[in-house]
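Here are some notes on one part of this model, set out as numbered points for you to follow alongside the coordinates.

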Amino acid sequence: MKPEAWRICLIQMDVSIGEPDRNVDRVQRRIEQVMDSPEGRPDVIVLPEMWNTGYALEKLDQLADPGGEAARELLSELSARYGVNIVGGSVSVREGSRFYNRLYVTDRQGRIAAQYDKIHLFRLMDEHSYLTAGDMLGRFELDGVACGAIICYDLRFPELARTLALDGAEVLFVPAQWPHPRLYHWRMLLTARSIENQMFVAACNRVGTSIGADGTASAFFGHSVVLDPWGEPIAGAEEEETDIYADIPLSSVEEVRSRIPVFADRREALYRGSGQVIAAKERE
């Protein structure tokens, strides 16, 4: 039975580039702290993008998680132990000779509820040179709630979020490693995806600084946030490591969509480039 509300916790954290053991310990410790926190236990925990290795892309053959086994085992064990859903950010995964930026979702019983490989690879961080793009959408249910997930750069492609919304998604999860100086883009794009699709958006970005193989430093600004279906922030953070809690009334999605019937008013045939033909027929 679908709940009336959810408590979401975003774990905004630093990631040690090229140190998966350290990062695994950090994630386990942070989730255990959240579940024992006086803030009250959340229904869903969200982690940032590529939390196991960071963007040590040139070393993925040594560092990536074979088959995602370590990540799946950790997330499943923690979900089952605490009875919590986990949207497990994403991790670098090796499948044979290929590498993926992959998200795992585990339900309260510790089962794998979803797996999503990042569709749009970010050229400015050379993802396309090292990773294989996914070809399936991130659609899933948790506690009977229809959800969608995209990863970082996917946010710049409105068609992806809209497709998930048209498929019924009420909550969109966005794990990321979104760096300076594009804070304005992060804020505006998240807000736009929320408003135009009339859905909750829960976006978890990392903090800290990573030094690439070429010596270039990338600084990540955090500003993780939960937005309601009007695009209004419910909870958020700045650039420190922290846990962000948000209580979301799930019924408000239906309410907003009924008040402004965006989906019912769509004219999909026009969007596919056949507008002149459709308009001519309507004038006849």
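1. In this predicted model, glutamine 12 stands opposite threonine 242 of strand E16, and the pairing to which these strands belong, that of E1 with E16, is antiparallel and extends over eight bridges.

2. Strand E1 also pairs with strand E2, here in the parallel sense and over three bridges, with leucine 10 standing opposite valine 46 of E2. Six of the eight residues of E1 are buried, so the strand is largely enclosed by the rest of the structure.

3. The connection deserves a look as well, since E1, helix H1 and E2 together make a β-α-β unit that is right-handed. Helix H1 covers residues 20-35, and its 16 residues reach 23 Å from the first C-alpha to the last, which is close to the 22 Å expected at 1.5 Å a residue.

4. Which residues of H1 are buried? They are Pro20, Asn23, Arg26, Val27, Arg30, Ile31, Val34 and Met35, and because they fall within an arc of 155° when seen down the axis of H1, they line one face of the helix. The general background is that an α-helix has 3.6 residues a turn, so residues three or four places apart point the same way.

5. As for what covers these buried residues of H1, the elements include the strands E1 (5-12), E2 (44-46), E4 (85-87) and E16 (242-249), together with the helices H2 (60-63) and H3 (69-82). Both strands that pair with E1, namely E16 and E2, are thus also found among the elements that cover H1.

Conventions:
Residues numbered from 1 in each chain as written. Predicted model: local features only at pLDDT ≥ 70, side-chain atom pairs only at ≥ 80, totals over all residues. Heavy atoms only, no water. Helix = DSSP H or I, 4+ residues; strand = E, 2+ residues; numbered from the N terminus. Expected span 1.5 Å × (residues − 1). Buried < 20%, exposed > 50% of the residue type's maximum accessible area, 1.4 Å probe, protein only. Arc of directions from axis to C-beta. Contact = heavy atoms within 4.5 Å. Pairing = 2+ DSSP bridges. Right-handed = clockwise from strand over helix to strand, strands pointing away.
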